[in-house]
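User: I want to see how labels on a structure are justified. Can we go through some, one by one?

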Amino acid sequence: MSYEFNTESQVFEFPNPYKVENLASIISGGLMLLAGTWVMFDVRGRLAHGPDLSVFGVVAISIILLLLGILLLARAFTQLRYFFGRNRPDSLAPLLANDKDGDSVDARHYKETLRQNAILLKEPTGPLNGLLYSWMPRLIFAPWVIQSSAQTQFYNFLSLAATLISFLFCWLVFGQSAANAWIGLVYGAFTFFQIMRPMVTQTNTTTGPIKETANIGITSLIILIVLAVLGPVVLGLFASHLPQIDNLSINGVVLITLLCALLACAVFGLALKNQLQPIPQVIGAARVVDTVTMNAHPNKMLEELDRILMEKWFSRIPNRKYTRRSPIIEGQQGQFTAEIFEESQPCPQAGRVAEGLKHALASKEFFWLTCLTALAFVLVVSGTLVAVILTRALLAGEAIWTNIALTCSLFGVGMYCYRAAHVLWGRFDFVSKLMWVDIQGSFETASVQMGNQISGNLQTNKKVINIESMSLRVWVSEIDTVIFGRNSPRQLTGMRGLQTDAEELAQSLKIFAEQNSMVVAPTSAKDIERAEKIGMMNKVLADPVAALAKENKQLPDNTAKEQAQLAAVMEKIKSAVACRACGVPVDVDASFCGECGTRVAVE
């Protein structure tokens with residue numbers, strides 16, 4: 001969809017919602033790019049004197065820093081401008097062409113929502129969700145992206161908390177033995193494979209919630225309890241038989257990783273909580289039911305409805321047509337149905353986007369989201385510094401496993417925070433109108449004749465469709481929808497009935513139907529002019545002398561002269577005789593027939 005510009009309206013000049021995120025991404029990405037470049041220049045001397053494994057390791061670390069820095073910068077540069085075409089956001093249902101009839105499952109869902117006068121909310125299931133929704137009652141009214149992300153982060157937080165408690169208990173009880181390093185390795189492997197790896201797995205977060213959930217189920221919880229209670233005993237039995245791996249101890253790294261991940265989940269949870277809106281005070285749709293009688297094809301009602309809805313287009317942007325069903329009239333009598341279901345162009349709600357860092361920190365809605373982005377920035381920058389220290393240790397031949405584990409942990413949790421915040425920064429709220437008109441009735445065909453059928457010179461005859469007490473139902477509702485990302489689907493979050501709009505639309509259609517004419521009559525200026533001439537000729541043919549005498553008193557001299565000439569011609573035509581051979585009228589003073597040449601008999 002190309003960007004469309006209209007100087008008459010700036011309603012689609014959207015503010016950039018990613019300003020705060022772009023600022024953090026540009027600074028952290030730039031630091032990573034500088035760090036990677038500096039490390040690469042620093043190792044050039046060692047590489048010239050003879051390459052070894054440590055030099056190749058440093059080069060690999062510099063390349064990774066350059067890659068991550070470029071990716072962060074590329075994402076920030078992509079989001080520097082936020083264009084939004086008039087076909088955005090996505091429609092609630094598949095669109096119909098202007099000249100096509102059709103319907104869809106999504107359209108029927110929203111029509112049923114209007115009919116039921118209520119929004120269907122998905123009921124949470126499971127014991128953990130029951131606990132979560134008891135703490136946050138307003139969560140049930142939140143968009144599904146918010147609910148799903150909140151459920152996931154609550155589950156992750158509980159899993160990380162259980163792992164941290166188990167790890168601390170095992171470490172404090174058995175942390176001074178010879179198997180101390182094995183505690184960190186066991187819990188580190190468990191934390192990575194069961195918790196961190198699912199949390200940082202890359203998915204398309206621009207179209208949905210953060211769905212990565214720590215793989216902690218009943219079996220994993222049992223393992224955590226066994227490790228916490230029986231782990232020290234088991235390690236005590238086998239401590240003398242285990243190899244010494246003090247240089248591989250990562251207990252501190254595991255502790256820092258768990259604490260950072262817990263902090264990230266907690267801040268993300270607070271940011272989600274501040275995204276919750278107050279409980280809606282009004283939910284529903286305005287409905288008007290009326291009966292209409294008309295003597296015309298019911299499709300004329302849809303044509304008038306199209307004209308009315310066109311006048312209500314928002315900012316001259318056509319409505320989004322989801323359902324259209326034209327009436328089918330077959331036979332002398334029967335039943336018919338017709339309907340139109342449309343949505344006006346969604347308009348962005350004001351004040352729902354952070355205009356900058358200062359506004360984000362001052363706003364309750366964006367404060368914790370800004371803190372989550374800041375946490376991601378701190379973790380990524382810290383990981384960059386540890387990576388630089390890692391290159392120094394690698395070149396000096398020192399122990400590097402702790403630095404490697406810490407670098408990976410900081411980068412992993414930092415990138416997870418960036419991705420989690422990105423989903424919430426992309427929130428946009430819209431308001432629009434849903435309009436549904438449903439028509440049902442029965443018809444009978446009839447023939448109507450107008451004019452004096454015996455002595456009149458002008459009659460009209462028309463076949464009409466008679467519809468008595470047709471049911472007309474109109475629903476109009478103002479709806480609130482939300483998206484998380486420019487290309488993500490919209491979700492209905494609020495609905496308010498517009499009774500005045502519904503009554504006005506129904507009344508306009510009823511007046512049009514009752515005033516619909518069933519008589520064929522001249523309408524254009526040419527029709528009226530020709531009708532006047534026909535009437536004049538009828539008068540002249542009936543009584544030329546009286547018609548001329550009457551008209552000469554009312555018409556100008558030129559017109560009277562033309563009338564006199566026309567009367568003379570008509571009198572001549574009336575006195576004409578017919579040819580005996582071909583039957584063509586012949587003037588009384590003619591000797592031969594102009595058509596066949598036969599001599600005219602002289603009386």
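Analyst: Yes. Keep in mind that this model is predicted.

User: How do you know that the span of helix 14 agrees with the expected one?

Analyst: Helix 14 covers residues 499-514, which is 16 residues. At 1.5 Å a residue, it should span 22 Å. Its end C-alpha atoms are 22 Å apart, so the two agree.

User: Which residues of helix 14 are buried? What puts them on the same side?

Analyst: The buried ones are Ala 502, Leu 505, Ala 506, Leu 509 and Ala 513. They cover an arc of only 95° around the axis, so they sit on the same side of helix 14. Thr 500 and Glu 514 are exposed on the other side.

User: Why is Ser 477 called buried?

Analyst: Buried means under 20% relative accessible area. Ser 477 has 0%, so it counts as buried. Ser 477 belongs to strand 6, residues 460-484. Its contacts include Leu 114, Gly 284 and Met 495.

User: What makes Ser 477 and Arg 496 a polar contact?

Analyst: The cut-off is 3.5 Å. A polar side-chain atom of Ser 477 lies 3.2 Å from the backbone oxygen of Arg 496.

User: Is Cys 260 buried or exposed, and what about Cys 371?

Analyst: Cys 260 has a relative accessible area of 18%, so it is buried. Cys 371 has 25%, so it is partly exposed.

User: Why does Cys 260 form no disulfide with Cys 417?

Analyst: A disulfide needs sulfur atoms within 2.5 Å. The closest cysteine sulfur to that of Cys 260 is in Cys 417, 8.6 Å away, so it is too far for a bond. The disulfide count is zero.

Technical notes. Residues numbered from 1 in each chain as written. Predicted model: local features only at pLDDT ≥ 70, side-chain atom pairs only at ≥ 80, totals over all residues. Heavy atoms only, no water. Helix = DSSP H or I, 4+ residues; strand = E, 2+ residues; numbered from the N terminus. Buried < 20%, exposed > 50% of the residue type's maximum accessible area, 1.4 Å probe, protein only. Polar contact = N/O pair within 3.5 Å; in protein donor to acceptor, adjacent residues only side chain to side chain. Contact = heavy atoms within 4.5 Å. Expected span 1.5 Å × (residues − 1). Arc of directions from axis to C-beta. Lists of a residue's contacts leave out its neighbours within four places in sequence.
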